[in-house]
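Please open the structure in your viewer and keep the sequence panel visible. The tour below proposes a series of selections and explains what may be found at each one.

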Amino acid sequence: MQKKNIQGEFLLKGGEIVDPYNDSIEKKDILIEKGRIKKIGKDIKEDGEIKIIDVKGLKISPGFVDLHTHLREPGQEDAETIASGARAALAGGFTRICCMPNTTPSISTQESVQFIINKARNLDVKVMPIASITKDRKGEQLTEFAELAKTGAVAFSDDGNPVESAQMMRNALEYSKIVDMPILNHSEDQDLKNDGLINEGSVSTSTGLPGNPAMAEEIMIYRDLRIAEFTGARLHIPHVTTKGSVELIRKAKEKGVKVTAEVTPHHITLTDEYMRSFNTLGKVAPPLRSEDDKEALIEGLKDGTIDAIATDHAPHTYNKKETSLDLAANGMIGLESALGLVLTQLLHKEEMPLMEVIKKLTIKPADIINKKLPCFQKGEKAEFTIFSPDEWWVFNKKSIYSRSSNTPFIGRELNGRVKKVVIGSKVIEI
Amino acid sequence: MSLSIDNLYGLEGVPKADIDQILDTAFSFREVLERPVKKVPTLKGTTVVNLFFEPSTRTKNSFALAEKRLSADTVNFSAASSSLKKGESLKDTIQNLFAMKMDVVVMRHPTPGSVKMLGDFVDAVIINAGDGTHEHPTQALLDMMSIKEKFGKLEDLNITIVGDIKHSRVALSNIYGLKTMGANVMLCAPPTFLPAEVDSLGVEVTYDINEALEFADAVNVLRIQNERQGKGLIPSLREYRQTFGITRDRLEKLKKPITIMHPGPMNRQVEIDSEIADGENAIILDQVLNGVAIRMAVLFLLSGN
Amino acid sequence: MNFITKKTVADSKTLNRMLTRLSHEIIEKCKGIEDLAIVGIRTRGEYLAKRISKEIERIEKKEIPVGILDVVMYRDDFRNKNKLPRVKVTEIPFDVARKKLILVDDVIYTGRTIRAALDAITDLGRPASIKLAVLIDRGHREMPIMPNFIGKEFKTASNEEIRVRVKEIDSKDEILLVEANDQDTE
């Protein structure tokens with residue numbers, strides 16, 4: 001990764017702009033001065049003084065937004081820091097990331113929200129904290145939504161733990177209406193999940209690994225949808241993994257429930273078949289599901305039931321993964337491989353239109369946290385991700401900027417790769 | 001004449017020729033066990049480590065005896081896996097041990113897949129002595145050896161497995177092995193003791209113990225663990241015995257004798273009646289002796305590779 | 001394994017004559033057949049032992065106990081080989097203690113098989129004496145072991161091998177000199 005801060009004007013020449021706000025893909029050049037768009041149009045004449053950045057054959061989209069990143073600071077800086085996570089984000093083309101509150105201490109107070117914001121102030125990537133729903137994620141007492149929102153929290157979640165009490169979930173959703181921000185609930189009924197380590201099905205049966213049934217997720221999603229419907233509050237469902245969940249969300253949307261949902265790149269790429277290897281790198285929560293589930297998730301992305309793609313980037317040090325499956329931590333890193341996986345699966349295999357895929361990485365997640373991204377107009381801030389939609393490459397250790405490297409995708413062939421990120425007057429070569 | 005496998009992680013995917021050779025070799029080692037000097041120098045100079053992360057008496061003793069009979073040098077390492085929770089990774093524990101140069105590892109661990117993971121960390125022959133609810137291949141091999149000893153073959157025999165299939169590594173390894181050898185397998189258990197999509201294992205399933213016994217040439221009776229009723233999986237041991245127990249009354253009603261097996265330790269009068277366990281059709285003690293022979297065969301064949 | 005037959009060392013008639021002669025020598029050297037027992041080493045030694053015992057029975061009109069010894073478990077070289085030899089059962093249906101044992105094998109080469117056989121026998125008990133009878137001594141000894149009864153000495157190169165074939169399992173009796181590309185002897 002190489003970062004250049006360019007003094008004076010520079011021209012992005014020869015690229016195609018993927019503009020999700022206008023639903024257009026057009027070949028246009030962009031002239032940038034002092035970090036803002038000075039001019040945008042076809043074949044901008046080059047002046048001898050201007051630095052030219054050749055982006056021929058590449059696509060330019062708004063910087064990606066990740067709704068679901070685990071930065072391990074404070075508490076587990078050996079696995080990830082805010083700064084290292086932000087670098088991983090840049091490598092993946094993400095210019096804005098929402099960090100989850102399951103740190104130590106958890107992001108439950110104004111001070112901890114402020115801590116994140118201070119730490120991230122001088123980074124190129126914008127880090128937006130998601131505060132916890134309940135104090136210390138214990139499910140007992142609501143956090144101060146209004147005060148936390150004022151400080152900079154963009155949503156609320158106890159991620160990693162579900163809000164087990166239905167009454168508490170009702171209170172959270174009802175109370176969230178004063179800030180008009182979504183509540184994200186990690187949906188896994190702990191009782192039904194039992195000691196499950198992988199999806200319950202033929203793979204759990206033939207490997208003897210304890211199963212975690214799809215209904216553990218679906219039952220809690222159903223509960224939350226009913227509460228959202230009843231309260232009229234905004235529910236966002238993170239990392240949806242089952243066919244049944246997609247169907248529940250689809251029906252709820254038809255009824256007008258204020259619900260949005262995300263899926264991870266790994267749940268649309270891998271299935272529980274991977275766990276026949278017993279590799280702890282495939283241990284995630286919720287678990288990798290069946291082929292049927294995977295297909296339903298992709299269908300949900302296509303028909304709009306699923307709004308966004310979010311990485312659930314979850315760094316862990318080696319010793320948390322190089323142990324038996326029951327003791328191994330849940331999660332995999334995901335920022336750096338996200339675009340490659342998503343384009344390989346959705347654009348190349350499933351032939352989903354590029355525009356639709358890009359929306360799910362940009363304006364859709366931004367909408368969910370009430371943000372508007374800079375667009376392709378004169379005077380707007382320059383914040384773009386420049387990528388090749390087709391480039392064939394092999395994801396490897398060098399592709400990783402996170403402090404951790406817990407991913408099953410090392411060695412995987414991908415089609416589609418982030419080439420550059422432009423933030424203000426900075427051009428970052430990936 | 002060598003095995004196609006390098007390690008014994010489980011019986012899933014192990015070809016018939018390999019199983020045949022292990023069984024044949026084990027029958028030869030059985031003869032050694034009946035000699036006045038029950039020891040051969042075959043594995044002299046080979047170091048075997050017995051790595052047990054879970055308490056075990058029977059399997060551990062059986063392996064220990066097999067190793068001694070083959071003149072191997074042995075090291076025993078027992079640790080509750082709880083000590084691994086204190087921040088030491090499984091990898092560290094194992095690599096530490098392997099810095100001392102081991103040739104063969106016999107490993108038991110409470111978590112499925114842990115034995116296979118070990119194979120990625122060290123350069124040694126690895127034998128699974130039971131990994132949680134996954135596989136227990138030497139147990140299934142000794143079960144198959146005992147059946148073969150009794151019937152002279154495995155092909156086309158009908159074998160019933162009764163008990164807590166879902167939480168049993170013995171059942172899973174038996175299913176894989178018996179299917180490979182061409183036997184027909186029927187499972188009989190309460191639904192709460194059966195895993196999801198059990199049909200995918202290529203077995204027949206019934207909740208009716210009489211049907212299962214009617215089907216069987218031999219029945220492998222699994223131990224019912226007392227704590228299962230605490231978890232609400234079965235209402236009571238009494239109900240289990242009444243509904244699934246291998247009782248004298250049930251067997252007397254059948255028109256044919258059935259060979260009775262049990263991997264031990266038995267809960268007499270729960271899953272099996274004492275008269276049956278000690279009766280003429282039980283081969284439970286043969287299983288124990290065959291266990292040593294099978295483990296000798298596996299140690300010999302794998303360390304020769 | 002690929003091998004080419006170079007020469008017939010002995011045909012059926014010669015082979016059987018050797019066995020007859022060996023039987024007579026055994027009776028003579030052992031000063032009778034009191035406590036005599038024959039033990040053949042798997043695989044070919046088993047059949048040769050059975051024939052020798054039959055021959056002695058024919059001469060002496062008394063049954064001689066025969067056993068079969070499998071020495072694979074006692075070999076010191078099984079791990080050096082590309083192929084693992086199959087372990088078979090040792091079948092010695094008599095008590096070896098105080099017996100005058102005659103070990104029978106087809107070919108003696110390095111002497112390691114016999115060394116393994118001696119270990120195997122001593123694990124079974126303490127015979128009064130052990131003597132060794134072989135059809136062919138092909139030289140190249142790596143151990144201080146000498147047969148007491150030899151059918152024929154036949155010097156070979158180390159890339160050559162002696163193949164003793166017996167009619168019980170090979171359809172005919174003969175002894176061949178073969179040249180092996182891939183060395184392996186039992």
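Begin with chains B and C, and select the residues at which they touch: 16 residues from chain B and 17 residues from chain C form the contact. Please bear in mind throughout that this is a predicted model. On the chain B side, two elements each give two or more residues to the contact with chain C, namely α1 (16-33) and α13 of chain B. Which of the elements gives the most to this side? It is α1(B), with four residues. If you colour the side of chain B that touches chain C by residue character, eight residues are nonpolar, five are polar and three are charged.

Next, select the largest nonpolar core, which has 267 residues. Within this core, Val105(B) and Val162(B) touch the most other members. Helix α13 of chain B, residues 284-304, gives the most to the core, with ten residues. The helix is thus a familiar one, for α13 of chain B also gives residues to the side that touches chain C.

Now centre the view on Val105(B). Which residues are in contact with Val105(B), leaving aside its neighbours within four places in sequence? They are Val49(B), Leu51(B), Leu118(B), Ala124(B), Ile126(B) and Ile127(B).

Turn then to chain C and select strand β2, residues 36-41, together with strand β3, residues 66-69. The two strands run parallel and are joined by four bridges. In this pairing, Gly40(C) stands opposite Ile68(C) of β3(C). Add helix α2 of chain C, residues 44-60, to the selection: β2(C), α2 and β3(C) make a right-handed β-α-β unit.

Stay with β3(C) and display its side chains. Are its two faces covered or open? Both are covered: Val66(C) and Ile68(C) are buried on one side, and Gly67(C) and Leu69(C) are buried on the other.

Finally, select chain A as a whole. Chain A contains 13 helices and 21 strands, and its C-alpha trace spans about 70 × 45 × 45 Å along the principal axes. A compact globule of 430 residues would have a radius of gyration near 22 Å, and the 21 Å of chain A therefore agrees with that expectation. Buried residues make up 59% of the 430 residues in chain A. Among the contacts in chain A with a separation of 6 or more, 75% are between residues 24 or more positions apart.

Conventions:
Residues are numbered from 1 along each chain as its sequence is written. Chains are lettered from A and ligands numbered from 1 in the order in which they are written. This is a predicted model: local features need pLDDT of at least 70, side-chain atom pairs count only at pLDDT 80 or more; totals for chains, interfaces and linings use all residues. The radius of gyration is taken over C-alpha atoms; the globule rule is 2.2 Å times the number of residues to the power 0.38. A residue is buried if 20 or more other C-beta atoms lie within 10 Å of its own, exposed if 12 or fewer, and partly exposed in between; C-beta atoms are placed from the backbone. Two residues are in contact if their C-beta atoms, placed from the backbone, lie within 7 Å. Two strands pair if DSSP finds at least two bridges between them. A crossover is right-handed if, with the strands pointing away from the viewer, the path from the first strand over the helix to the second runs clockwise. A nonpolar core is a set of buried Ala, Val, Leu, Ile, Met, Phe, Trp, Tyr and Cys residues joined through C-beta atoms within 7 Å. Ala, Val, Leu, Ile, Met, Phe, Trp, Tyr, Cys and Pro count as nonpolar, Asp, Glu, Lys and Arg as charged, and the others, Gly among them, as polar.
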